[in-house]
Every structure is written in C-alpha cells, then in structure tokens.
Amino acid sequence: MTRWLDEDEQETWRAFLWTTRLLNDALESQLQRDSNMPHTYYMILAMLSESPGRTLTMSELAQIVRSSPSRLSHAVNRLEENGWVTRTKHPTDRRTTLAKLTDEGFEVLKAAAPGHAEAVRQNLFDPLTREQVTQLRETLHTLLESLDTEGKCRDD
C-alpha cells in the first residue's frame, strides 16, 4: 500500500526541494560570476586542499565529492587544462591515479573562497537564528545517517 505524503509532509517536501535547488543555483551563479568556475570544480579544489599533501587518489576524490569516476575524470581534465590540478600514477601502485592540487590551483581556490563563504552565509545562515542553525544541523545529520549507510559522507 502506498504511503502518500500528508499535507504537512507535502509542504515540507516541496519547501526542501525548492530551497535546495535555489541554494545550489545561487552558489553556482556566484562562483561562475566571481570566479568563472562551476561549483563542482570548487568542491574538487577544496577537497584536495584539505587533504594531506593536497593529494587524493581519484577513487577517494570521487567518493568525497559524490561523483561517478567518469564525471570526475572529465572535471579533472578541465582542471588540469587550467593548471589547477595534476594527475600522476601512484608510486607503489601503477593502477592508481593521484590527483594533486597545484600551487596555482590553491591560489585560485583562495581567491574564490571568500566570495563562496559569503554566498553560503547570505543564502543559508543569515536568514536563520542560531537555534535554527542548530536544529537544521541536527536534522541534516539525522537524514545523512539514514541515507549514507556506508559512511562515505561522514567527517570522522
């Protein structure tokens, strides 16, 4: 038997759907306008910048940014063309490819980060009270735990 959404659930679902779409659109627009890069590229650069030696295997990077290997490979090709990332074979496992953030890529990320942080603040946090931020974080952690059964999105 189908468990249809009741009126409150339907309203919540649609508010969530439209909010996430509009938030993603706002962040995408800001990064394109101010830094001439898509949000996906920003996330790849940011994840590499937070990794030891600014390096991850392509498999690790795909898992972290929640991308298919082929989609990630295409994005990293573009980042390589820009001189922001390099790829090399792992020194002890030639089947594994490493992606490394270049110094130029790190500078591009550093230049883009303040505008991105301000866009996140304006569009997500400024409209909320401190209590609402805490409630949102707790709600999102509950949903993430339910959805991420393999623990791939957790910051342990």
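## Report on the predicted model

In strand β3, Lys-100 is the bridge partner of Thr-86. This pair offers a point of entry into the model, which is predicted; the strands around the pair are described next, followed by the helices and the largest pocket.

**The sheet**

Between β2 and β3 there are 5 bridges, and the two strands run antiparallel. Strand β3, residues 97–101, is also joined to β1, here by 3 bridges and again in an antiparallel manner. The outcome is an open sheet of 3 strands in the order β1-β3-β2, with antiparallel pairing. Its edge strands are β1 (55–57) and β2 (85–89), each of which pairs on one side only. From one strand to the next, the twist averages 25°.

The residue partners named for strand β3 are set out below.

| Residue | Partner in β3 |
|---|---|
| Leu-56 | Ala-99 |
| Thr-57 | Leu-98 |
| Thr-86 | Lys-100 |

Thr-55 belongs to strand β1. Although Thr-55 and Ala-99 are 44 residues apart along the chain, their C-alpha atoms are separated by 5.6 Å. Leaving aside residues up to four places away in sequence, Thr-55 touches Leu-48, Leu-98, Ala-99 and Lys-100.

**The chain as a whole**

The protein chain contains 6 helices and 3 strands. Along the sequence these elements follow the pattern α-α-β-α-α-β-β-α-α. Taken along the principal axes, the C-alpha atoms of the protein chain fill a box of roughly 55 × 40 × 25 Å.

**Helix α2 between the sheet and α5**

Helix α2, made up of residues 39–49, lies across β1, β2 and β3 and runs at about 95° to β3. Helix α2 also packs with α5, at an angle of about 115° and with the two axes 10 Å apart. The crossing of these two helices is left-handed. On the α2 side, the contact is made by His-39, Tyr-42, Leu-45, Ala-46 and Ser-49. On the α5 side, Gly-105, Phe-106, Val-108, Leu-109, Ala-112, Ala-113 and His-116 take part. By class, the residues of this contact divide into 8 nonpolar and 4 polar, with no charged residue.

**The largest pocket**

The largest pocket holds about 2400 Å³ of space. It is lined by 40 residues, of which Leu-23, Asn-24, Met-43, Leu-140 and Leu-144 are the closest to its centre. Two or more lining residues come from each of α1 (7–35), α2, α4 (69–81), α5 (103–125) and α6 (130–147). Which element gives the largest share of the lining? That element is α6, with 11 residues. By class, the lining of the largest pocket comprises 22 nonpolar, 10 polar and 8 charged residues.

**Elements that recur**

Helices α2 and α5 appear in more than one part of this description: they pack against each other, and both give residues to the lining of the largest pocket. Helix α2 in addition lies across the strands β1, β2 and β3. Strand β3, for its part, is joined by bridges to β1 and to β2, and stands between them in the order of the sheet.

Note on methods:
Residues are numbered from 1 along each chain as its sequence is written. This is a predicted model: local features need pLDDT of at least 70, side-chain atom pairs count only at pLDDT 80 or more; totals for chains, interfaces and linings use all residues. Side-chain values use heavy atoms; hydrogens and water are left out. Two strands pair if DSSP finds at least two bridges between them. Helices (H or I, at least four residues) and strands (E, at least two) are DSSP runs, numbered from the N terminus. Axes are lines fitted to C-alpha atoms, for helices over the stretch in contact, and angles run from 0 to 180 degrees between N-to-C directions. Contact means heavy atoms within 4.5 Å. On a 1 Å grid over the protein atoms alone, a cavity is a set of points where a 1.4 Å probe fits but cannot get out, and a pocket is an open set with protein on both sides within 12 Å along at least five of seven lines; lining residues have an atom within 4 Å of a point. Grid points are joined across faces, edges and corners, and a volume is the space filled by probe spheres set on the points. Ala, Val, Leu, Ile, Met, Phe, Trp, Tyr, Cys and Pro count as nonpolar, Asp, Glu, Lys and Arg as charged, and the others, Gly among them, as polar. A crossing is left-handed if the near helix is turned anticlockwise from the far one by less than a right angle, and right-handed if clockwise.
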